[in-house]
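This briefing concerns strand pairing, chain crossovers and the setting of one loop residue. Please view the structure below before reading on.

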There are 2 protein chains.
Amino acid sequence: MKKVAILGSTGTIGRNTLDVIRHHQKHFRVTALAAGSNIRLLEEQIREFRPEIVSLERKEDAEFIRNRFKKDSLRVTYGLDGVLEIGGNPGNDIVVSAITGINGLKPTLAAVRAGKSVALANKESMVVAGSLLRAEARKSGARIIPVDSEHSGVLQCLAGENRRNVKKVTLTASGGPFFRTSLSELRKKTVEEALAHPRWKMGKKVTVDSATLMNKGLELIEARWLFDFKPGELDVLIHPQSIVHALVEMRDGSVLAQLSPTDMKIPIQFALTYPEREDAVLPPLDLARIGALEFYPVEAKRYPLIRLATWALREGGSAAVALNAANEVAVEAFLARRIGFLAISDVVHRAVDGHEQRTVRTLDDILDVDRLMRERTSQIIQQRY
Amino acid sequence: MKKVAILGSTGTIGRNTLDVIRHHQKHFRVTALAAGSNIRLLEEQIREFRPEIVSLERKEDAEFIRNRFKKDSLRVTYGLDGVLEIGGNPGNDIVVSAITGINGLKPTLAAVRAGKSVALANKESMVVAGSLLRAEARKSGARIIPVDSEHSGVLQCLAGENRRNVKKVTLTASGGPFFRTSLSELRKKTVEEALAHPRWKMGKKVTVDSATLMNKGLELIEARWLFDFKPGELDVLIHPQSIVHALVEMRDGSVLAQLSPTDMKIPIQFALTYPEREDAVLPPLDLARIGALEFYPVEAKRYPLIRLATWALREGGSAAVALNAANEVAVEAFLARRIGFLAISDVVHRAVDGHEQRTVRTLDDILDVDRLMRERTSQIIQQRY
């Protein structure tokens, strides 16, 4: 029985994780839940899974929950301290890191330092602090297991292979909701249209990132750190059906691919059971019913942010931190309807253009660059839009 | 430097094997070649690869070759003794078993008994004598590595996986040249049309077997013995592009697939280098250029022989021996223009209908059933066509 802590339990990944655990109750016990402000859902989750500790973003929400479970021995905390206590608790076997954006970094680092198995859904952690997280994992013995379907696929294709025989890794991208939209129409795309992802049900931030392909750019950087690939060994292919998640080309011309139904529960379960597997919670893949799997090259004109991500991937250092910060701010502005869809890449380009490369060794270095770039990006938005 | 003996050096697999070795001369040395009657090509192969021993089918061909290499220390043999001497030579590291049909069985068995790595292209050996070959390999320590692209794909997908997590293995079939032919047109198909395979360049027997899908039926039986799968764990899917060769479904819903350009040199090289890999001798797979990978269920009406193969797969015992013998005779008759295309499955059905299941433990048991069924099938053809 593995003890599981979930950081971000009321988000899409958190809810799917609990659904997987619901199907495999004899293998997992939920010991801790950290949520944002969705107290109604957290309350339900507490009643069903009976964790020992929960954490909320704000003090008042924590007090509300504490009142609702007065008779129970539930410990209720809040804020950064609360989520760090849960992430760093040495009593967990697995920490599912599913808080979106840079906010997920500190608790992920805490979990890695505690030497846990970290099921990583918070790709931004790896993007901005990949080098640091790898070094800390080496020290503590922590195992970082990807939850992104693409990286889960890579991990599965690499199993049993000698790394020196791997020539290239390709992550697939659905192309998002605007894959077939004419470039002139892109300008008018609304928040609602950007959030209507054709294949995956995900959080808002990552859904917008899928529409711009920045999500795939971040995943390239994540793959670099997760698996220690060189930038030139990583590639992206558009695959609208989102059935093939990753392709690993070996030096002899063979390509290994991982396929599965388009449902996050599959990579989540793999991360929880790794290196073992358990029975599926979904019907099997039916390729004859799907009919055709299509593949297209990435059109640079349609997805200008992917070139920026490739630049950050090759550049290393603070480039990825800067890119991620600018993108988070721009996507927030788009979701708040302050800028249009095409402005996301304009804003990110302008913000990153002025970035001066520097070495980022510590968490403080990273958070410094992050803060500066957020200010800069907000200024650009204010001045220009 | 691995010493390689090739049984069937002038056939399609033999020529492709020598092409792979030509590209990797520092890893392989050709020590022995066994050919049929293509003395012109064998002479070229001897001059290029300088084996120590060669064997031909007939004495007069052996004498011709002996005369051509009088000054060299080449040993020239012939007939079954010659090919068995080469197959069973303990000096080889790898024996490539690429003689077509039941004729490949005895030399394959000799190689397995000698405890060699056997790169197996002769699927009929496994179909008729899978149980025997596995038992002999266990005794001698021989390793049987498939050369068929589908089984090579399965082997690659299984690497690093715990076998108890495997739920289903799917072999793909191109569907052959008549996949889109109307059923009423099938009757008129000529030898030339059956031999015009859309994807693979192969020998005549296997190309006709691809058109009837018997090839895939034989491969199901082969997979059973190669990997110790249960009949219910094996499936077939039509995939006209022949890029995905095998799919392995894990219990958690993930599917691992092996893809490669449609060229036998890739699985041949994998068998020669297994468990390592060497650089490709072909340009890499370009999925964006290929565009779409299609998958269709198998239409039982179009491919009646696949049901018969599934029956033999489940039945075990002598059923597969009988099926293989009847099919070999029927395909020969089709290639000799004595029967039409649809008659192949008619003849095989009639022949197998009268077969009485029996236990086949030894090589003699197998060859007995084979001989009886060949006689029976020939009679059916004589009486009815």
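How many bridges join S1(B) to S2(B), and do these strands run parallel or antiparallel? In this predicted model, S1(B) and S2(B) run parallel and are joined by 6 bridges. The points below follow the strands, the helical connections and then B:Thr10.

**Strand pairing**
- Strand S1 of chain B spans residues 2-7, and its residue B:Ala5 has B:Ala32 of S2(B) as bridge partner.
- B:Ala32 has a further bridge partner, B:Ile53, in S3(B).
- S2(B) and strand S3 (residues 53-56) of chain B run parallel, with 3 bridges between them.
- Strand S2 (residues 28-34) of chain B is mostly covered, since 6 of its 7 residues are buried.

**Crossovers**
- A right-handed β-α-β unit is formed by S1(B), H1(B) and S2(B).
- From S2(B), the chain passes through helix H2 (residues 39-49) of chain B to reach S3(B), and this β-α-β crossover is also right-handed.

**Setting of B:Thr10**
- B:Thr10 lies in the loop of chain B that links strand S1 (2-7) with helix H1 (12-23).
- The relative accessible area of B:Thr10 is 11%, which is under the 20% cut-off, so this residue counts as buried.
- Beyond its neighbours within four places in sequence, B:Thr10 is in contact with B:Arg15, B:Ala35, B:Gly36 and B:Asn38, as well as with B:Leu41, B:Leu42 and B:Gln45.

Note on methods:
Residues are numbered from 1 along each chain as its sequence is written. Chains are lettered from A and ligands numbered from 1 in the order in which they are written. This is a predicted model: local features need pLDDT of at least 70, side-chain atom pairs count only at pLDDT 80 or more; totals for chains, interfaces and linings use all residues. Side-chain values use heavy atoms; hydrogens and water are left out. Helices (H or I, at least four residues) and strands (E, at least two) are DSSP runs, numbered from the N terminus. Buried means under 20% relative accessible area, exposed over 50%, partly exposed in between (1.4 Å probe, protein chains only). Contact means heavy atoms within 4.5 Å. Two strands pair if DSSP finds at least two bridges between them. A crossover is right-handed if, with the strands pointing away from the viewer, the path from the first strand over the helix to the second runs clockwise.
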